[in-house]
Amino acid sequence: MALDQFLTALDSMLGEARACLETVDSAEALEQLRVKYTGAKNGELKSIQKMLAGIEVKDKPAAGKRFNEVRDGIEGALEQAAQRLGGSSQQESAGPAFDPTLPGLRPRLGTIHPITQSLEHLKEIMGRLGFNVTEGPEIEDPWHNFVALNIPEDHPARDPLDNFYLATAKSSDPAAQTTQPARLLRSQTSTVQIRVMETQSLPLRIISLGRVYRPDAPDATHFPMFHQMEGLWVDRNVTMAQLKSVLRLFATSYLGGDVNIRFRPSFFPFTEPSVEVDYWWNGQWIEFGGAGMVDPNVFQAVGIDPEVWSGFAFGLGVERLCMRRFGITDIRDLYRSDVRFLRQFAT
Ligand code: PHE
């Protein structure tokens, strides 16, 4: 076949295709044209391509090049026509893209974490007992975490191995380095007792709930971050009997009327006398906090006269209370962020 014959056939096909595609007015007609020109079996492009075989070898490059141009031209015109007809006519042939009779996809709703639920519940119970909620920072200085709480410099509780001290900013000025105060993640919420007594007027009755940090290896009952609820009541003539009543009322409200709790003599630098508070669960006594009467040294550190004022303080582990209430046996399950586990406690 002669080259010019081949090129004429190509050009007239392109002209005709363009004319048809410019005026096509329905998706069905467009689809027919698509098959007519580009159909894989009997499409016109396909038949012309077959003619290429009969072109002389020297003319083949020119013929092939023009063939490609025409094919691209037709495909471009098809594309334009499809765009011009837009989505609506295409939907007519393909059926509606949105089928309102299909069941919907249910968006997955989050649930409130069991610890958050517990924190809210504890605030509510203690609120009924007249305790106001306060807050304190999680990054503390040694004064609030230790010194004012009657924990002196050489006390083992201040050991860097038992606390998360923060690396303080490096400074080239040696004077600034020595004056830069140490900072640590608080290891107990008792820090808030100090902050409250430094700023609020007496008498006072507060609780403070929040995170505390200790470098413990995680196991079923330990985690390097957990929550405590601190309580503090300072007034004239606050007694140990009131402490016991408040903790018992609290435990029965949160854990249920059948709960057994006990107090064991103990020691904390910031309370005197001090007790440890346990509840009975699964055949054993579980410690859930410490408590005691505010030590006179602590009152003196914040400028309160221990001859006039007395008070009690307690610090309870929120995870242990929450685990007992929800029947959770491994503290790590609370912090794995596995929604399949956490969803079970949705309210
Ligand atoms: N801060 C103590 C602890 O973390 C608990 C406590 C608080 C004890 C208040 C007595 C009074 O173990």
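Helices here are DSSP runs of H or I with at least four residues, strands are DSSP runs of E with at least two, and both are numbered from the N terminus. With that settled, hello everyone, and let me walk you through this one.

This is a predicted model, so please keep the filters in mind: local features need pLDDT of at least 70, side-chain atom pairs count only at pLDDT 80 or more, and totals for chains, interfaces and linings use all residues. Residues are numbered from 1 along each chain as its sequence is written, and side-chain values use heavy atoms, with hydrogens and water left out.

Let's start with the overall layout. The domain assignment gives domain 1 (3–92) and domain 2 (114–345); bounds of this kind come from an automatic or database domain assignment. Taken over C-alpha atoms, the centres of domain 1 and domain 2 are separated by 80 Å.

Now, into domain 1 and helix α4. Lys60 sits in helix α4, which covers residues 60–94. In sequence, Lys60 and Leu3 are 57 residues apart, yet in space their C-alpha atoms are 8.4 Å apart. Is Lys60 buried, partly exposed or exposed? With a relative accessible area of 35%, Lys60 is partly exposed. For the whole talk, buried means under 20% relative accessible area, exposed means over 50%, and partly exposed is in between, with a 1.4 Å probe and protein chains only.

On to charges. Side chains of opposite charge can pair when their charged atoms come close. I count a salt bridge when a side-chain nitrogen of Lys or Arg is within 4 Å of a carboxyl oxygen of Asp or Glu. How many salt bridges does a search of the whole structure find? The search finds 19 salt bridges, and I'll show you three.

Staying in helix α4, Glu69 and Arg66 meet through their side chains at 2.7 Å, N to O. Glu69 and Arg66 are separated by about one helical turn, because they are 3 residues apart in helix α4. Glu69 is partly exposed at 35% relative accessibility, and Arg66 is partly exposed at 26%.

Helix α2 (residues 27–38) has a pair with that spacing too: Glu31 and Arg34 both lie in it, 3 residues apart, about one turn of the helix. Their side chains form a salt bridge at 3.4 Å, N to O. Glu31 counts as partly exposed at 42% relative accessibility, and Arg34 is partly exposed at 30%.

My third pair is Arg158 with Glu153, whose side chains meet in a salt bridge at 3.7 Å, N to O. Which of these two partners is buried, and which is exposed? Arg158 is the buried one, with a relative accessible area of 11%, while Glu153 is exposed at 67%. There is also a network: salt bridges that share partners join Asp11, Lys65, Arg66 and Glu69.

Let me turn to charge without pairing. Asp159, Asp162, Asp216 and Asp219 form a negative surface patch. The patch rule takes residues with over 30% relative accessible area and no salt bridge, joining like charges within 9 Å and nonpolar side chains (Val, Leu, Ile, Met, Phe, Trp, Tyr) within 5 Å. Lys and Arg count as positive and Asp and Glu as negative, with His and the chain ends not counted. A charge is placed at NZ of Lys, CZ of Arg, CG of Asp or CD of Glu, and the areas come from the Shrake-Rupley method with a 1.4 Å probe, where only the protein chains shown count as cover for residues. Asp159 is in the loop between α6 (142–145) and β3 (164–165), and counts as partly exposed at 31%.

Asn150 is in the loop between α6 and β3 as well, which brings me to the backbone. Phi of Asn150 is near 70°, a positive value in a residue other than glycine, and Asn150 is partly exposed at 24%. Asn237 has a positive phi of about 65°, although it is not a glycine. Asn237 lies in the loop between β6 (225–235) and α9 (240–255), and is exposed at 65%.

What about cis peptide bonds? The bond from Leu202 to Pro203 is cis, with omega near -5°, and Pro203 is in the loop between α8 (190–199) and β5 (204–213). The bond from Glu272 to Pro273 is also cis, with omega near -5°, and Pro273 is found in strand β8 (residues 271–281).

Last stop, helix α11 (residues 318–326): its buried residues are Val318, Glu319, Leu321, Cys322, Met323 and Arg324. Just after α11, Gly327 takes a positive phi of about 70°. Thanks for listening!
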